[in-house]
Amino acid sequence: MSAAVGAERPQVVSHVQQALSYTVFDCKWVPRSARLLCLGSAARGTGLVQLYELHGARLELLREIEKPKPIKCGTFGATSLQQRYLATGDFDGNLNIWNLEAPEIPVYSVKGHKEIINSIDGVGGLGIGEGAPEIVTGSRDGTVKVWDPRQNDTPVASMEPVQGESKRDCWTVAFGNAYNQEQRVVCAGYDNGDIKLFDLKTMSLQWETNIKNGVCSVEFDRKDINMNKLVATSLEGKFHVFDMRTQHPTKGFASVSEKAQKSTIWQVRHLPQNRDIFMTTGGSGSLHLWKYEYPAQRSKKDSEGSEMGVAGSVSLLQNVTLSTQPISSLDWSPDKKGLCVCGAFDQTVRVLIVTKLNKI
Amino acid sequence: MPVWLREHSWRQSLAAVYLSLPLRGARATPANIFCSEQYLKVSIPPFLFEAVLYAPIDDTNSTARIENGNIFFTLYKKEPAMWDSLTLANADKEKLQYLRENAVLKAQEKAKEETEAKKITKQEHKKYALEATMKVEEAERKRIEDLKEKERQKVTKELELWKKQQKDGDNYKSIPKKRELHQEIQPLKERKNEKMNKTQIPNEGTSKTRLKSTKGSCSIFSQNLKEEKLPAPRAAATIKVNFTPRVFPTALRESRVAEEEEWLHKQAEARRIINSDLSELEDLKEEEKNPDWLKDKGNKMFAMGDYLGAVNAYNLAVRLNNKLPLLYLNRAACHLKLRNLHKAIEDSSKALELLTPPVPDNEKARVKAHVRRGTAFCQLELYTEGLQDYEAALKIDPRNKNIEKDAEKIRHLIQGTMQS
């Protein structure tokens with residue numbers, strides 16, 4: 001348990017705990033509200049979407065939507081603030097976009113992949129960033145596909161293995177570098193430790209590396225700026241923070257890595273209000289709050305005169321163990337600083353408040 | 001024999017007896033005094049004083065004072081009564097003995113009880129201390145909990161406030177929005193109707209998608225009215241990806257890499273033994289890849305006298321499986337016939353190696369190996385080594401006459417060369 005001594009350290013306070021009767025795979029705040037969504041799989045093999053509202057010290061169930069296939073992941077990233085449509089990926093490889101007011105028929109639906117969609121991300125919506133709204137999905141069939149909700153049935157970009165190459169599961173995807181209308185970058189992490197960065201403007205592979213452990217989660221610190229930092233978490237309790245401002249022609253991006261705990265780090269999420277603070281969730285049911293410190297000089301010249309980045313350092317602000325099962329999903333509220341929701345495999349969703357984030 | 005101290009003097013009151021005992025120069029310590037209910041003893045070797053008291057006394061409260069070479073006893077009687085004398089008169093030896101033993105026993109019991117009592121009090125003290133520390137820790141924990149609770153409540157209040165703000169904001173926004181939407185929907189509805197009428201769609205499926213796309217375009221229009229900056233969807237493209245190769249279908253874990261490497265190595269080894277030069281062997285028939293079949297072939301060729309062919313067959317068999325001792329054994333025989341004596345020695349040695357541990361099962365093979373090696377040595381004129389091998393063969397199989405005869409011959413040869 002965290003030490004309460006040291007009154008300046010942020011504290012992670014458990015605000016509400018809600019037991020669920022199904023396995024929750026993803027939880028997301030509904031933007032501009034005190035409502036949250038839990039996505040998961042019921043025992044009978046169907047998918048469940050539950051909408052809760054935060055009332056004082058408890059969660060009140062507003063809606064429950066059942067779908068034929070279990071749902072693995074969801075995002076609000078590609079819809080406008082008025083519509084707030086939810087894009088979900090399910091166990092069958094279907095990408096659906098739902099209007100939660102009328103959830104019987106999806107607004108957009110495509111069987112995007114042959115196997116489960118492991119991860120989904122959206123960009124261009126919610127008034128953040130510029131450019132077309134796009135959704136990227138990564139699947140166990142080894143492909144990463146980018147979809148535009150205005151174009152049916154075919155993806156606008158697809159990253160597939162070369163003919164004849166055996167596929168590796170794609171475990172996580174993230175958008176980044178969306179600072180103007182043309183620029184977009186998709187980062188994908190795979191189970192064999194590969195991280196690949198695809199530039200959508202030039203439709204090419206910009207950078208790849210291998211971090212020696214299966215990559216569980218990647219996230220840029222902000223999607224809508226010139227790409228600044230990328231955090232990639234992996235099995236064996238390690239995560240890497242890449243400085244994405246300077247790309248060296250051979251060495252790629254500079255990184256610092258940290259071994260936080262013995263178990264898998266399932267998720268990393270940056271605080272929307274401060275891009276240098278992020279939280280990692282662990283397979284042992286723990287949460288770690290980290291702060292990244294930039295080095296004195298972010299780039300330096302190497303022996304041949306080409307620029308290479310300098311990675312900073314990461315310090316642990318707080319850690320707390322909430323559960324005995326992995327915490328598989330975490331989402332910060334974009335509206336209230338320090339409010340977050342996490343879902344764990346012990347069929348519980350918890351709303352947490354992280355205090356004293358202003359003083360960091 | 002102890003020296004009895006008899007010059008004691010005593011006086012009594014109703015409740016107590018005062019006994020004074022002069023010690024003849026001896027120094028007394030509390031350990032020398034033993035007192036029980038009815039028995040009093042002072043033993044300072046070689047001096048001894050004992051008294052079986054007239055009546056029982058309260059030995060816990062009685063005292064003894066040591067000073068100036070005297071011991072002053074103050075014994076409190078159990079029953080206040082005047083004693084006739086200090087000690088029991090007419091006490092026979094047995095009674096005395098019994099009393100003495102009793103006294104000792106009683107004293108021991110008392111000592112035990114005292115230790116018990118001490119233990120109990122100690123435990124109680126410990127318990128008390130433990131409880132005290134627990135209370136302190138509890139208080140600390142409560143303090144921390146209270147702090148946390150306060151934080152929570154503060155944040156909850158803030159949340160509620162913020163939520164209220166949201167609600168108010170929403171309500172305010174939704175009214176004009178409704179009006180706007182209404183206005184947008186009207187022209188859109190008309191456009192939709194037009195579309196539907198123009199393109200008579202009998203198929204429900206497509207109509208659904210049509211509906212969807214118009215719905216989509218609905219939102220586009222509403223968005224466009226606000227920000228007309230959305231670019232068109234990207235031109236579709238595919239990026240081909242290569243993965244870092246990995247043999248196993250499971251995810252990569254650093255901690256397992258060493259084990260995986262080892263396993264792959266082993267598999268490679270195993271495959272190599274079977275697959276070495278498999279490229280060359282590809283044009284062989286299936287049976288020719290079976291070491292046993294090849295061995296049989298070799299044997300047949302040996303029997304027919306085709307020693308070179310036999311060697312070839314055995315070579316191939318060894319390439320396929322180098323753990324069969326019989327292959328080496330037979331190849332040694334071929335080499336002998338071909339007079340490749342060194343090769344014969346090598347092969348017999350290899351066969352012997354593989355024939356460990358020496359068990360009755362491989363007796364015959366070992367005999368053969370030794371004999372062949374011995375023969376090779378002799379033909380190289382290394383008679384001593386040859387003899388060694390023959391003797392080894394004899395040891396395994398003493399009843400073989402041929403080996404004996406040959407051994408004799410070699411001995412004679414050796415003796416002959418030595419003599420000459």
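Helix α7 of chain B is mostly covered in this predicted model, since 11 of its 13 residues are buried. The buried residues include Pro325(B), Leu327(B), Tyr328(B) and Leu329(B), and among them are also the polar or charged Asn330(B), Arg331(B) and His335(B). The length of the helix can be checked against its residue count: at 1.5 Å a residue, the 13 residues from 325 to 337 should span 18 Å, and the end C-alpha atoms of α7(B) are 19 Å apart, which agrees.

A surface feature of chain B can be set beside this covered helix. Glu109(B), Glu113(B), Glu114(B) and Glu116(B) gather there in a patch of negative charge. One of these residues, Glu114(B), is found in helix α1, which covers residues 93-198 of chain B, and Glu114(B) counts as exposed because its relative accessibility is 53%, where the cut-off for that class is over 50%.

Helix α1 of chain B also takes part in a contact with chain A. The side chains of Glu158(B) and Lys336(A) meet in a salt bridge, with a distance of 3.7 Å from N to O. Glu158(B) lies in helix α1 of chain B, whereas Lys336(A) lies in the loop between β28 (327-332) and β29 of chain A, so the pair joins two chains. The two partners are covered to unlike degrees: Glu158(B) is partly exposed, with a relative accessible area of 40%, while Lys336(A) is buried at 15%, a value under the 20% limit for that class.

This bridge belongs to a total of 33 salt bridges found over all chains. Within chain A, Lys167(A) forms a salt bridge with Glu115(A), the closest N and O atoms being 3.7 Å apart. That pair links distant parts of the chain, for Lys167(A) is in the loop between β13 (157-161) and β14 (170-176) and Glu115(A) is in the loop between β9 (108-111) and β10 (117-123), 52 residues apart. Lys167(A) is partly exposed, with a relative accessible area of 37%, and Glu115(A) likewise counts as partly exposed at 26%.

In chain B, by contrast, a salt bridge falls within a single helix: Asp406(B) forms a salt bridge with Lys409(B), and their closest N and O atoms are 3.7 Å apart. Because Asp406(B) and Lys409(B) are 3 residues apart in helix α11 (residues 401-419), about one helical turn separates them. An α-helix has 3.6 residues a turn, so residues three or four places apart point the same way. Asp406(B) counts as partly exposed at 27% relative accessibility, and Lys409(B) is exposed at 55%. Returning to chain A, salt bridges that share partners join Glu115(A), Arg140(A) and Lys167(A) into one network.

Two loop residues of chain A deserve a look at their backbone. Most residues other than glycine have a negative phi. Lys212(A), however, has a positive phi near 70° and is placed in the loop between β17 (204-210) and β18 (215-220), where Lys212(A) is partly exposed with a relative accessible area of 48%. Gln347(A) also has a positive phi, near 60°, and is found in the loop between β29 (339-344) and β30 (348-354); at 30% relative accessibility, Gln347(A) counts as partly exposed.

Finally, Lys364(B) lies in helix α9 (residues 363-379) of chain B and counts as exposed at 66% relative accessibility. Lys364(B) and Ile396(B) are 32 residues apart in sequence, and their C-alpha atoms are 8.5 Å apart in space.

Methods: Residues numbered from 1 in each chain as written. Chains lettered and ligands numbered in written order. Predicted model: local features only at pLDDT ≥ 70, side-chain atom pairs only at ≥ 80, totals over all residues. Heavy atoms only, no water. Patch = residues over 30% accessible without salt bridge, like charges linked within 9 Å, V, L, I, M, F, W, Y side chains within 5 Å. Areas by Shrake-Rupley, 256 points an atom, 1.4 Å probe, with all protein chains shown as cover. Salt bridge = Lys/Arg side-chain N within 4 Å of Asp/Glu carboxyl O. Lys, Arg positive; Asp, Glu negative; His and termini not counted. Charge placed at Lys NZ, Arg CZ, Asp CG, Glu CD. Helix = DSSP H or I, 4+ residues; strand = E, 2+ residues; numbered from the N terminus. Buried < 20%, exposed > 50% of the residue type's maximum accessible area, 1.4 Å probe, protein only. Expected span 1.5 Å × (residues − 1).
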